[in-house]
Amino acid sequence: MTNTELPTVNGTSAFVPAPATPYQGDIARYWNAEARPVNLRLGDVDGLYHHHYGIGAVDHAALGDVEDSEYEKKLISELHRLESAQAEVLLDHLGPISPEDTLVDAGCGRGGSSVMAHQRFGCKVEGVTLSSTQAEFGNRRAKELEIDSHVRAQVCNMLDTPFEKGSIAGSWNNESSMYVDLDDLFAEHSRFLKVGGRYVTITGCWNPKYGQPSKWVSQINAHFECNIHSRREYLKAMADNRLVPQAVIDLTPDTLPYWELRATSSLVTGIEEAFIESYKDGSFQYVLIAADRV
Ligand SMILES: C[S@@+](CC[C@H](N)C(=O)[O-])C[C@H]1O[C@@H](n2cnc3c(N)ncnc32)[C@H](O)[C@@H]1O
Ligand SMILES: CC(C)=CCC/C(C)=C/COP(=O)(O)OP(=O)(O)O
Ligand SMILES: [Mg+2]
């Protein structure tokens, strides 16, 4: 019996596979316990729940006067708008996707990007996360939106997925590749993607031009229990796994306004300084890489 044939709880298989490694067990526990207001209050704005950061210029006219009693509410909406804008830019780079296609959201979190992909393309989206809490949350949202026939999350290691070889038109990692070995990750995307399919990642990576990971990068790793890779490692691991970059875009200048706005909000988590300082000193970069599976 496969995982998907088992009885479900809120649309998620009641069977939760054992973590492949003790580290993956740590990451599953981390995301099962996560309930930061900076993520839940932003998601409550329109029901799209993200665990990634924002890009684009702040709309100061929409924010209005800082003394206004509604200002904090407007600030939360603005941060959320910038996070959704980030996901739109990722989806822009998937190329043409038809309603008959299936996409894979690797490390899908609470599923915000999966929902947006379905709403844009009408296609199926398969999300995988290590966290049963996140998968249940995403499946509950898909049911509420009546798109559960097309959008599904499962508890599954993205390095070892059930998707058939060559069956997937497009796939992505939205801020989830810093939890895995990149060779293993791109070997798996390359296996399930069709030849000619598209892979996209938006990620934070350390800048080889800086030398080694800065203290800020080490602080971000400790904060999230992740292991940020360098830009060079991404490009090498892609080249070694039949993923040929079609676009490499430095989004660092586009994400700084989000962080500077977030640092002024009541929802700060303490990691804002590390992002702002590392983006400013050049040790860390926010990049989008879109690659063709050849
Ligand atoms: C920062 S969140 C990003 C969530 C989502 N991509 C988004 O943009 O909202 C990182 C996600 O990666 C997932 N993740 C980390 N390692 C994983 C693995 N080996 N297999 C599947 N998911 C993994 C976590 O469970 C979590 O959902
Ligand atoms: C760009 C890098 C290095 C990202 C690390 C992965 C990560 C934790 C992303 C955001 O998640 P979140 O939305 O849960 O974080 P927060 O609570 O800070 O908003
Ligand atoms: Mg967040």
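The exercises below, each with a worked solution, concern a predicted model of a protein chain with its ligands.

**Exercise 1.** Determine how confident the predictor is in the chain, and where the pLDDT falls below 50.

*Solution.* Begin with the whole chain, for which the mean pLDDT is 96, with 95% of the residues reaching 70 or more. Next, look for the weak stretch: over residues 1–5 the pLDDT is below 50, and this stretch has six contacts in the model beyond near neighbours in sequence. Where pLDDT is low, the predicted coordinates should not be read in detail. Finally, add the scores of the model, which are ipTM 0.99 and pTM 0.96.

**Exercise 2.** Describe the surroundings of ligand 1: which residues come nearest, and which element gives the largest share of the shell?

*Solution.* Start from the 24 residues around ligand 1, of which Gly107, Gly109, Asn174, Ser176 and Tyr179 come nearest. Then turn to the elements that give two or more residues, namely helix 1 (22–33), helix 5 (112–121) and strand 4 (124–129); the largest share, three residues, comes from helix 1. Sorting the shell by class gives nine nonpolar, 14 polar and one charged residues.

**Exercise 3.** Carry out the analysis for ligand 2, asking which residues are closest and how the shell divides by class.

*Solution.* Ligand 2 is surrounded by 14 residues, and the closest are Arg36, His51, Glu175, Gly204 and Phe224. Two or more residues come from each of helix 2 (37–43) and helix 8 (215–224). By class, the shell around ligand 2 holds seven nonpolar, five polar and two charged residues.

Definitions and conventions. Residues are numbered from 1 along each chain as its sequence is written. Chains are lettered from A and ligands numbered from 1 in the order in which they are written. This is a predicted model: local features need pLDDT of at least 70, side-chain atom pairs count only at pLDDT 80 or more; totals for chains, interfaces and linings use all residues. pLDDT is the predictor's confidence in each residue, from 0 to 100. Two residues are in contact if their C-beta atoms, placed from the backbone, lie within 7 Å. A residue is near a molecule or strand if its C-beta atom, placed from the backbone, lies within 6 Å of it. Helices (H or I, at least four residues) and strands (E, at least two) are DSSP runs, numbered from the N terminus. Ala, Val, Leu, Ile, Met, Phe, Trp, Tyr, Cys and Pro count as nonpolar, Asp, Glu, Lys and Arg as charged, and the others, Gly among them, as polar.
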